[in-house]
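Please open the structure in your viewer and keep the selection panel at hand. The tour moves from one selection to the next and says what is to be found at each stop.

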2 protein chains.
Amino acid sequence: MKTIDEHLDDPAAVSRLLRRHGITPTRQRVVIARAILSRPQHLTADQVLQLTLEAGDRVSKATIYNTLGLFSRKGLIRELTIDSQRAFYDSSTHPHHHFYDPETQQLTDVDEDALQLRLPETLPDGTEIDHVDVVIHLRPSRSSTG
Amino acid sequence: MKTIDEHLDDPAAVSRLLRRHGITPTRQRVVIARAILSRPQHLTADQVLQLTLEAGDRVSKATIYNTLGLFSRKGLIRELTIDSQRAFYDSSTHPHHHFYDPETQQLTDVDEDALQLRLPETLPDGTEIDHVDVVIHLRPSRSSTG
DNA sequence: TTAATTGCAAACATTTTGCAGGTTC
DNA sequence: GAACCTGCAAAATGTTTGCAATTAA
């Protein structure tokens with residue numbers, strides 16, 4: 001659905017991308033989409049706000065939050081729950097898992113082939129699987145400096 | 001380390017349990033420990049507060065939060081990050097994974113044998129695995145009523 | 001009796017909401 | 001021009017902190 005090779009420098013292309021996801025393009029939404037989708041990354045709402053400011057485009061905090069929620073619902077990005085305190089937004093929407101280093105608060109993708117998961121066949125009644133999150137929480141290794 | 005068969009009705013036994021985990025027993029801590037450890041369950045801080053109130057023991061909200069944090073650090077309970085908005089505390093500390101139903105906000109344990117996980121051999125430099133959380137997010141099944 | 005713990009209220013951080021004004025199609 | 005979107009400020013969580021009073025050893 002999402003075309004990665006789209007020229008994100010071109011606002012018209014970003015508008016088309018949004019439209020293809022059922023999102024009405026507005027100046028703010030294009031700014032936010034360009035900030036997030038420019039490369040594979042994991043960002044908090046506040047980091048997205050900073051990126052838009054650095055790009056010279058003012059977007060209010062409320063619009064950042066509302067837009068990130070909209071993009072997630074529409075499948076343009078993925079909301080990750082790793083830290084109780086803040087949400088992360090992932091510009092990669094294909095199924096994949098994460099390392100989390102609480103020291104640096106950095107998220108890293110786990111290589112697709114490196115992790116194998118066999119899911120339960122039996123689920124609670126009346127439910128099906130929406131998605132699965134695997135988070136490998138890291139700590140400094142005993143032998144490492146620190 | 002944690003003895004499950006301990007008589008949690010007996011405050012003296014709970015005090016011993018706390019001490020064994022390096023926690024100085026106080027009235028409030030015993031009240032909170034009894035509320036959580038009485039059975040396998042997943043509770044939010046607010047639910048723990050309700051339980052202590054129902055038991056007729058007043059504990060302040062600040063003490064609930066501080067004590068849940070202390071118990072987690074000492075390995076008496078486990079803090080789970082499932083929902084960005086609130087933390088869950090699990091009375092079972094052995095490694096196991098969870099189903100999460102966002103409709104009901106209910107957590108359920110995944111049967112140990114039902115899920116198989118092969119972890120990556122290569123980790124980011126200078127780190128080792130602290131723990132792994134697998135959360136299977138559910139949704140109502142298409143065929144179900146609702 | 002000394003150090004640790006508690007309760008309260010205030011502070012904090014993140015996210016949501018109400019509404020007036022502005023934008024899109 | 002009708003419906004939708006934005007910005008601001010205020011509200012709504014959930015959680016932490018400062019400090020005086022209380023409790024544990």
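## First stop: the surface near DNA strand C

Begin by selecting helix 4 (61-73) of chain A together with helix 2 (27-37) and helix 4 (61-73) of chain B, each of which supplies at least two residues of the surface near DNA strand C. Please keep in mind throughout that this is a predicted model. Among the contributors to this surface, helix 4 of chain A gives the most, with four residues.

Now show the residues around DNA strand C, of which there are 21, and look for A:Tyr65, A:Arg86, B:Thr26, B:Gln28 and B:Thr63, which come nearest. If you colour the atoms of DNA strand C that come within 4 Å of the protein, sugar and phosphate account for 80% of them. Colouring the residues of this surface by character divides them into seven nonpolar, eight polar and six charged.

Three side chains deserve a closer look here. Select B:Thr63, where an N or O atom of the side chain is 2.6 Å from a phosphate oxygen of DNA strand C. Go on to A:Arg19, which has a polar side-chain atom 3.0 Å from a phosphate oxygen of DNA strand C, and then to B:Arg29, where the corresponding distance from a polar side-chain atom to a phosphate oxygen of that strand is 3.1 Å.

## Second stop: the surface near DNA strand D

Turn next to DNA strand D and select helix 2 (27-37) and helix 4 of chain A together with helix 4 and strand 3 (86-90) of chain B, since each of these elements supplies at least two residues of the surface near DNA strand D. Which helix gives the most to this surface? That is helix 4 of chain B, with four residues.

Around DNA strand D there are 21 residues, and those that come nearest are A:Thr26, A:Gln28, A:Thr63, B:Gln85 and B:Arg86. Of the atoms of DNA strand D that come within 4 Å of the protein, 83% belong to sugar and phosphate. The residues of this surface comprise six nonpolar, nine polar and six charged.

Select A:Gln28, whose side chain has an N or O atom 2.5 Å from a sugar or linking oxygen of DNA strand D. At B:Arg19, a polar side-chain atom lies 3.0 Å from a phosphate oxygen of DNA strand D, whereas at B:Ala87 the atom to look for is a backbone N or O, which lies 2.9 Å from a phosphate oxygen of that strand.

## Third stop: the two chains

Hide the DNA for a moment and superpose the chains: chain A can be laid on chain B with an RMSD of 0.1 Å by a turn of 180° and a shift of 0.0 Å along the axis. The two copies are therefore related as by a two-fold rotation axis. The same surface serves both copies, as 100% of the contact residues of chain A recur in chain B.

## Fourth stop: the sheet that spans both chains

Now display the strands in the order 5(A)-4(A)-7(A)-7(B)-4(B)-5(B), which form an open sheet of six strands with mixed pairing. Strand 5 of chain A and strand 5 (106-109) of chain B stand at its edges, each with a single partner strand, so one side of each is left without a neighbour in the sheet. From one strand to the next, the twist averages 30°.

Zoom in on the chain A end of this sheet, where strand 4 (residues 98-101) and strand 5 (residues 106-109) of chain A pair in the antiparallel sense over four bridges. Within this pair, A:His98 stands opposite A:Asp109, while A:Asp101 has A:Gln106 as its bridge partner. The two strands form a hairpin with four residues between them, and in the turn A:Gln105 has a positive phi of about 55°.

## Last stop: a three-stranded sheet in chain B

Finally, select the open sheet of chain B that has three strands in the order 1-3-2, with antiparallel pairing. Its edges are strand 1 (42-44) and strand 2 (78-83) of chain B, each with a single partner strand, so one side of each is left without a neighbour in the sheet. Neighbouring strands of this sheet are turned by 40° against each other on average, direction ignored. Strand 2 and strand 3 of chain B run antiparallel and are joined by four bridges, and B:Arg78 stands opposite B:Asp90 in strand 3 of chain B.

How values were computed
Residues are numbered from 1 along each chain as its sequence is written. Chains are lettered from A and ligands numbered from 1 in the order in which they are written. This is a predicted model: local features need pLDDT of at least 70, side-chain atom pairs count only at pLDDT 80 or more; totals for chains, interfaces and linings use all residues. Side-chain values use heavy atoms; hydrogens and water are left out. A residue is near a molecule or strand if one of its heavy atoms lies within 4 Å of it. A polar contact is a pair of N or O atoms within 3.5 Å; within protein, one must be able to donate a hydrogen and the other to accept it, and residues adjacent in sequence count only if both atoms are side-chain atoms. Ala, Val, Leu, Ile, Met, Phe, Trp, Tyr, Cys and Pro count as nonpolar, Asp, Glu, Lys and Arg as charged, and the others, Gly among them, as polar. Two strands pair if DSSP finds at least two bridges between them. Copies are superposed by least squares on the C-alpha atoms of residues with pLDDT of at least 70 in both. Contact means heavy atoms within 4.5 Å. Axes are lines fitted to C-alpha atoms, for helices over the stretch in contact, and angles run from 0 to 180 degrees between N-to-C directions.
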